[in-house]
Every structure is written in C-alpha cells, then in structure tokens.
Amino acid sequence: MSVKRWTGKESQLLRLAMRKTVRQFASDIGVSGRMVSRWEAGGIKVVPRPSNQLALDTMLSCAGPEVQERFATSLTEQAATDADPRTENLLAQDVVYHRHPVDGRLMALVGEGMYLTGETGEAQWLDAFYIDVFPTTNADYGRFVAATGRSAPKHWGVTGRCPDDLFDHPVVWVTWHDAQAYAEWAGKVLPTSHQWEKAARGSKGNIYPWGDRATAAKCNVRDSGIGHTTPVSRYRSGASPYYVYDLCGNTWEWCATRSLPGRYELKGSAYTSPFERAAPSSFNDANAEMCDDDTSFRCVAEHPWSPMNVKP
C-alpha cells in the first residue's frame, strides 16, 4: 500500500504503527528527530519534502503486514472522524439494543413505515422488524455448529474450530443454505432485500448508512487496502441510522429474496469489492450453493417479541 500525499499526520500514524520512537523513526528516514517532531506538531498542515515522502513510501511498502494493517486502521479511523462530525457523538450514544432469547445476539428495532428504496427512491411500506446489529461472526456460527453438528466453514481448517484471531470477524465460506439453517436454528429468518436496505438506509433513503457522502474510509472495501475481513464492530462511524454495523463492506450478506430459481440476492459489498458497489441500493445475486471468503449473513426477527433490553 502507499499514500498519495504524506502529511505530518500520516507520518505520525506510520511511526505509531511501527511502534518506534521519534528518534528511531527519524533515523530510518534519514532526517533529524526535530524534523519529525515538527511534522507531527503541524499535523495535516505540514507536507514533507518529496524526497522524504519517497522515504516514507519505501518504509511503508517494506513494513510487515501487521504494521500495514495498524497503519490502515489508523488512516480509516482518522478519515472517518474528519469527514463526519457525528463520529464522537455516535460513539457516545446511549443506544438500547435487544438481546435475542435463542442465539443471544444483539438486535436493533427497525420501526414500521415508509422508506425510500432503490436508486430512484421509490416509496415502500415495511412492517416493523428486528435485525442483527452485526453480521454473524465466527463465534456465533461456532455455537450453531456445536449445537447442530453442521460442517464447519473451510477457513476453520482441519480442526473444525475457529482460529482465535477471527472470533469477532464475520463468518465466511457459507452458502445460502448454511445461512438459512442458522436462521432456523436461531428462531429467526434471513432478511428480505427490502428489510436489509431499510436497515441500511433509514426511512429517508440515505445513499449510504452514514448519509449521502461517499466516504470509503467508513467501511472495509477494496479501496481501504486491508485485503481481508475485519472485526464487525470496527467501523463505528459507518453505522446506519438504526445503529446497525457493517452494512457496507466487509462481506456480502445473503438475503431471503429470490432473484431467479436457485439464486438469491446479496447485499452490502465486501472487502474484495470497489467502493462503487457498496451502496445498499445496489443489486447483486448468486447461486444458493455459492460460498466464498467474502460472503456472510445476518438475521431478522418478527416484531413484536419480548426481548431483554440491554445496553450495547
């Protein structure tokens, strides 16, 4: 990965990602520690010389994947905060979710009413429903596998157990039938494409969950340069008006809506997809037998039911 233009802020983020002191970092670049401190104090207003930017590019490209991911994480968080003044308020919101009595997952209530759907903003009525706040994680799916004996997804390996570092990532390598089986076990259903879209866009039909501004930093798409799934709660400023997460990017999500015999709609785009495909109004579908490393799901439940209100 590389940065189009380095500022003092990006330089600081790289230093922190590499876990180096100012003196160590300056030595690697070939400048004085005072120079690095000046960059960082100036933040985005300071732009290093072209020769120093080349040195920073080289340092980043030679860094290991862990450093690059830490740097990418910091960049996306910074960009999201800078682009959306809601971010800090969103993190502090006293949101009430509901815990489902069967699989114990947090769900958000999407109230009944009209909403604007599709690229043309067609008005559509939907009854109220609950939707999972996060995509189904590997940890969630592990409880399902343990309870039902269903085959584990292929990325868990020969042990049939989820790797420790993927517990809070969305489960992948699941077919539509796997997703449907989980939903039945949990006493839920897969969302229709309209339910999924309303949960993502809100009643006013936002272009993206966070609003109408195209901000790739608010989701895990190909443009982010991460190259794999991320924890489902990572992109907080990308949450929808109902405070539902990961409705753009990270993984495609199976829906209950059939597009053709044997094919079902997918929503949300993925880390493998360009940002242009991330709008919740976009159409995608696949054969029900398809499974890939960028495809997951979440569930919905009917309203009313009697959940236990909990804080997120």
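**Strand pairing in a four-stranded sheet**

In this predicted model, strands β7 and β8 are joined by three bridges and pair in the antiparallel sense.

User: Which residue of β8 is the bridge partner of Glu265?

Analyst: β7 covers residues 263-267, and its pairing with β8 is antiparallel. Within this pairing, Glu265 has its bridge partner in β8, and that partner is Asp285.

User: In what order do the four strands of the open sheet stand?

Analyst: β7 pairs with β8 over three bridges, and four bridges join β7 to β6. β6 is joined in turn to β9 by two bridges. The pairing in this open sheet is mixed, and the order is β8-β7-β6-β9.

User: Which strands have one side left without a neighbour in the sheet?

Analyst: The four strands form an open sheet in the order β8-β7-β6-β9. A strand at the edge has a single partner strand, so one side of it lacks a neighbour in the sheet; this applies to β8 (285-287) and β9 (295-296).

User: Is the pairing of β6 with β9 parallel or antiparallel, and which residue of β9 is the bridge partner of Trp252?

Analyst: Strand β6 spans residues 252-260 and runs parallel to β9, with two bridges between them. Trp252 has its bridge partner in β9, namely Thr295.

User: Which residue in the turn between β6 and β7 has a positive phi?

Analyst: β6 and β7 run antiparallel and share four bridges; Arg258, for example, has Tyr264 of β7 as its bridge partner. The two strands form a hairpin with two residues between them. The residue in the turn with a positive phi, of about 80°, is Gly262.

Conventions:
Residues numbered from 1 in each chain as written. Predicted model: local features only at pLDDT ≥ 70, side-chain atom pairs only at ≥ 80, totals over all residues. Heavy atoms only, no water. Pairing = 2+ DSSP bridges. Buried < 20%, exposed > 50% of the residue type's maximum accessible area, 1.4 Å probe, protein only.
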